[in-house]
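This briefing covers a pair of strands, the sheet around them and the setting of one arginine side chain. The model is a predicted one.

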Amino acid sequence: QMQLVESGGGLVQTGGSLRLSCAASGGTFSNFAMGWFRQSPGKEREFVATISRSGGSRDYADSVKGRFTISRDNAKNTVYLQMNSLKPEDTAVYYCAAASLRFGSSRSDPYNYWGQGTQVTVSP
């Protein structure tokens, strides 16, 4: 069974940057599309970004497009989320997820495995 562990969250000021990492183990990483989701208090989990198995295709939520970049290094079994120009509304717990698909999805249900989440807080 695959395990996913996020890291890189923290407290940053508006306009700052963070790079989240998600390390995978226990599975064949290259067989999975990967996604990032986030959830803030009182809100449902929302899609952030996804990347195909090869890394050749990416998709983003409109709210983060142009500011966030998802990438993966299959040799390191790791997916990343580079977050620039952060805003207070980006504050959330960020989760990475793996789906046994060639291409990722903006829906949560196709994802088979989920990490524990990492907190991102953006101060005004």
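Arginine 19 stands opposite glutamine 82, a residue of strand 8. The strands 3 (residues 18-25) and 8 (residues 78-83) are paired in the antiparallel sense, over 6 bridges. Glutamine 82 is also one of the residues touched by arginine 67.

**The sheet**
- Strands 3 and 8 belong to an open sheet of 4 strands, in which the order is 1-3-8-7 and the pairing is antiparallel.
- At the edges are strand 1 (3-7) and strand 7, each of which pairs on one side only.
- On average, neighbouring strands in this sheet are turned by 15° against each other, with direction ignored.

**Arginine 67: place and burial**
- Arginine 67 sits in the loop that runs between strand 6 (58-60) and strand 7 (68-73).
- The relative accessible area of arginine 67 is 10%, and the residue therefore counts as buried, the cut-off being under 20%.

**Arginine 67: contacts**
- Leaving aside residues up to four places away in sequence, arginine 67 touches Gln82, Met83, Asn84, Ser85, Leu86, Lys87 and Asp90.
- With aspartate 90, the side chain of arginine 67 forms a side-chain to side-chain polar contact of 2.7 Å.
- A polar atom of the arginine 67 side chain also lies 3.0 Å from the backbone oxygen of serine 85.

Definitions and conventions. Residues are numbered from 1 along each chain as its sequence is written. This is a predicted model: local features need pLDDT of at least 70, side-chain atom pairs count only at pLDDT 80 or more; totals for chains, interfaces and linings use all residues. Side-chain values use heavy atoms; hydrogens and water are left out. Helices (H or I, at least four residues) and strands (E, at least two) are DSSP runs, numbered from the N terminus. Buried means under 20% relative accessible area, exposed over 50%, partly exposed in between (1.4 Å probe, protein chains only). A polar contact is a pair of N or O atoms within 3.5 Å; within protein, one must be able to donate a hydrogen and the other to accept it, and residues adjacent in sequence count only if both atoms are side-chain atoms. Contact means heavy atoms within 4.5 Å. Two strands pair if DSSP finds at least two bridges between them. Axes are lines fitted to C-alpha atoms, for helices over the stretch in contact, and angles run from 0 to 180 degrees between N-to-C directions.
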